[in-house]
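Colleague: Could you walk me through this fold? I'd like to hear the reasoning as well as the results.

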Amino acid sequence: MTKIVEAAIEADPKLPIIHITRDFDATPEQLFRAHTDPKLFVQWNGPDSLADKIEIDYWDARTGGSWRWVSGRGEEQFAFHGCFHEVRPDLIVQTFTWEAQPDGVALETMRFEDLGDGRTRLHAQSLVDSFESRDAWLQSGMETGVNEGYARLEQMARDGKI
């Protein structure tokens, strides 16, 4: 099995969905914690240019819970919020809204596939409301944020910080 080091980011040709797949030298439990513990989440999420600039407004990572966080660069602020629809060790289903575009709600699903030997494949997908929205996400620079954030996440696992 080939290890996916950079995230494979693919647009579904038939639906407005973005699929993301990446392998980690981390256990499913570590990845789950990194996605549900706000103190860990702020350490790895997003591009390097926003590293250490995320502030959690609220975070209740349980089925039925909700979340909101804000990041920024200089005077520019980016706020996001959503609801956790299902939270369990192998699966997280949540909504994701960038507050600058409040009508653009994405439904995100993350699965943690145990590959053995302390390795995990993350399968994520984001369903948006239109092909135009999907393409805008893909052209927004999300690839940089995903890959830089996931690289920090893997380093945290290697350093025993998760």
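Here is our conversation about the sheet, the helices and the core.

Colleague: Happy to start with the sheet; in what order do its 8 strands stand?

Modeller: Please keep in mind that this is a predicted model. The sheet is open and its pairing is antiparallel. Neighbouring strands are turned by 20° against each other on average, with direction ignored. The order is E1-E2-E8-E7-E6-E5-E4-E3.

Colleague: Which strands stand at the edges?

Modeller: An edge strand here has a single partner strand, so one side of it is left without a neighbour in the sheet. That applies to the strand at residues 8-11 and to the one at 55-59. They are E1 and E3.

Colleague: And how many bridges join E4 to E5?

Modeller: E4 covers residues 66-73 and E5 covers residues 76-88, and the two run antiparallel. Within this pairing, Gly72 stands opposite Gln77 in E5. The number of bridges joining E4 to E5 is 8.

Colleague: Now the helices: how many residues of H1 are buried?

Modeller: H1 spans residues 28-36 and is mostly covered. It lies across E2, E3, E5, E6, E7 and E8, running at about 155° to E7. Among its buried residues are Pro28, Phe32 and Thr36. The count is 7 of its 9 residues.

Colleague: Which strands does H4 lie across?

Modeller: H4 is the helix at residues 142-158, and it runs at about 25° to E2. The strands it lies across are E1, E2 and E8.

Colleague: How are H1 and H4 placed relative to each other: roughly parallel, roughly perpendicular or oblique?

Modeller: Their axes are 11 Å apart, and the crossing angle is about 125°. The crossing is right-handed. Roughly perpendicular ends at 115 degrees and roughly antiparallel begins over 145. H1 and H4 are therefore oblique.

Colleague: Which residues of H4 meet H1?

Modeller: On the H1 side, the residues taking part are Gln30, Leu31, Ala34 and His35. Their partners in H4 are Tyr150, Leu153 and Ala157.

Colleague: Which element gives the largest share of the largest nonpolar core?

Modeller: In soluble globular proteins, nonpolar side chains tend to be buried together. Here the largest nonpolar core has 36 residues, and Ile20, Trp69, Tyr150 and Leu153 have the most contacts inside it. The largest share, 6 residues, comes from H4.

Colleague: Last one: what is Tyr150 in contact with, leaving aside its neighbours within four places in sequence?

Modeller: Tyr150 is one of the residues with the most contacts inside that core. It also belongs to the H4 side of the meeting with H1. Its contacts are Ala7, Ile20, Arg22, Phe24, His35, Trp44 and Leu122.

How values were computed: Residues numbered from 1 in each chain as written. Predicted model: local features only at pLDDT ≥ 70, side-chain atom pairs only at ≥ 80, totals over all residues. Heavy atoms only, no water. Buried < 20%, exposed > 50% of the residue type's maximum accessible area, 1.4 Å probe, protein only. Helix = DSSP H or I, 4+ residues; strand = E, 2+ residues; numbered from the N terminus. Pairing = 2+ DSSP bridges. Axes fitted to C-alpha atoms, helices over the stretch in contact; angles between N-to-C directions. Contact = heavy atoms within 4.5 Å. Core = buried A, V, L, I, M, F, W, Y, C linked by side-chain atoms within 4.5 Å. Parallel < 35°, antiparallel > 145°, perpendicular 65-115°, else oblique. Left-handed = near helix turned anticlockwise from the far one by under 90°.
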